[in-house]
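Work through the exercises below with the sequence and the model side by side. Try each task before reading its solution.

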Amino acid sequence: MTIEARLTTATAVISEAGALAAKYFARRTALTRETKGPQDFVSIADREVEALIRTRLAEAFPDDGFLGEESGGAAGERCWVVDPIDGTNNFLRGVPLWGVSLAYAIAGEPVIGLIHLPCVGRLYAAVRGEGATCNNVPIGASRIGDLAQATILVGLSRRTSPDLSLDMIEMALRGGGALRCMGTCVLALAMVAEGTADAYYEAHVQPWDCLAGLLIVREAGGRTNEVSGPLMLAHGGPLLASTPALFDQLAAVAGGRVDLGGRQLASP
């Protein structure tokens, strides 16, 4: 099946999944919040949305692998990588900053990337080599290269020491940049891709958090660090995405704490 046919099917699937997630969001006060770890939450909404995506993709592409945040799976040579609700803490607290992420990867490298933000009615899409869009309108990363004019997004996770983010935070603040923490990787990457933010850094992300967004940023003209596909699928890794003009400056700071190639995390 062609990539275009896969994109068409995946677009319909993520739209249906976003609609289901939005229904759960509307009655979120009735949901039971479960804890997977410190500040790491899950609910029936995450599980049901992922189950829907998994079922639809299995019906359409029975030979493809599947890797989901909630139900796991096996990546394989060709696979779908899914985060049913990225930003679950925001979701459960009623903050409309969360999204559904769906990527199709070959040998660990994303060739289709979709991010759906139901609360704002935005669907971001990219196919490798074909550019990036939001609601079918082409998007592009910003051209800002002056830190004092930039908005820097930082993701924080209990999986790593907060020390790994301190240099980036200090650089942004001392350089006169605006600093934001959105609580969701997929939204942050969409913002970098469309130019409403100029960089996003997180010391460690999981593949379902970032594969779709990485492709969308790259196809929108942004720049990202390079972690090999198999390594990202197996272990996750660090993430830096930014305007091309800011990347080297930010990478020099991030690289003092983490290996941006994903081979290891430095000691705090």
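**Exercise 1. A helix over a sheet**

Find the strands that α6 lies across, and give its angle to β7.

Solution. α6 lies across β3, β5, β6, β7, β8 and β9. It runs at about 100° to β7. Axes here are lines fitted to C-alpha atoms, for helices over the stretch in contact, and angles run from 0 to 180 degrees between N-to-C directions. Helices (H or I, at least four residues) and strands (E, at least two) are DSSP runs, numbered from the N terminus. The model is predicted: local features need pLDDT of at least 70, side-chain atom pairs count only at pLDDT 80 or more, and totals for chains, interfaces and linings use all residues. Residues are numbered from 1 along each chain as its sequence is written, and side-chain values use heavy atoms, with hydrogens and water left out.

Now take α5. This helix lies across β5 (78-86), β6, β7 and β8 (122-127). Its angle to β8 is about 70°.

**Exercise 2. The eight-stranded sheet**

Write down the strand order of the open sheet of eight strands, then identify its edges.

Solution. The order is β4-β3-β5-β6-β7-β8-β9-β10, and the pairing is mixed. Two strands pair if DSSP finds at least two bridges between them. β4 (72-74) and β10 stand at the edges. Each has a single partner strand, so one side of each is left without a neighbour in the sheet.

Next, check one pairing. β3 (residues 65-68) and β4 are antiparallel and share three bridges. F66 has A74 in β4 as its bridge partner.

**Exercise 3. Two helices side by side**

Describe how α5 and α6 pack, and list the residues in contact.

Solution. Start with the geometry. Two packed helices are described by the angle between their axes and the distance between the axes. For α5 (residues 185-194) and α6 (residues 207-219), the angle is about 5° and the axes are 9 Å apart. That makes α5 roughly parallel to α6. The classes are: under 35 degrees roughly parallel, over 145 roughly antiparallel, 65 to 115 roughly perpendicular, the rest oblique.

Then go to the residues. α5 contributes C185, V186, L189, V192 and A193. α6 contributes D209, C210, G213, L214, I216 and V217. Contact means heavy atoms within 4.5 Å. By class, the contact has nine nonpolar, one polar and one charged residues. Ala, Val, Leu, Ile, Met, Phe, Trp, Tyr, Cys and Pro count as nonpolar, Asp, Glu, Lys and Arg as charged, and the others, Gly among them, as polar.

**Exercise 4. A crossing pair**

At what angle do α4 and α8 cross, and which residues meet?

Solution. The axes of α4 (residues 163-174) and α8 (residues 244-254) come within 8 Å and cross at roughly 140°. That makes α4 oblique to α8. D167, M168 and M171 in α4 meet Q249, L250, V253 and A254 in α8. The contact of α4 with α8 has five nonpolar, one polar and one charged residues.

**Exercise 5. The five-stranded sheet**

Trace the open sheet of five strands, then place α8 on its strands.

Solution. The order is β12-β11-β13-β15-β14, with mixed pairing. The edge strands are β12 (178-180) and β14 (223-224), and each pairs on one side only. β13 (residues 199-205) and β15 (residues 237-242) run antiparallel, joined by five bridges. Y200 stands opposite A241 in β15. α8 lies across β11 (151-155), β13, β14 and β15, at about 150° to β15.

**Exercise 6. An aromatic cluster**

Which rings are linked with F25 into a cluster?

Solution. Ring pairs link F25, F91 and W98. Rings of Phe, Tyr and Trp (its six-membered ring) pair if their centres lie within 6.5 Å; planes under 30 degrees apart count as stacked, over 60 as edge-to-face and the rest as tilted. The structure holds five aromatic pairs. F25 and F91 form a tilted one, 5.3 Å centre to centre with 55° between the planes. F25 lies in α1 (residues 3-26) and F91 in α3 (residues 88-93), so the pair ties together parts 66 residues apart in sequence. F25 is buried at 12% relative accessible area. Buried means under 20%, exposed over 50%, partly exposed in between (1.4 Å probe, protein chains only). F91 is buried too, at 0%.

The rings of F25 and W98 have centres 5.4 Å apart and planes at 50°, so this pair is tilted. W98 lies in the loop between α3 and β6 (99-106), so the pair ties together parts 73 residues apart in sequence.
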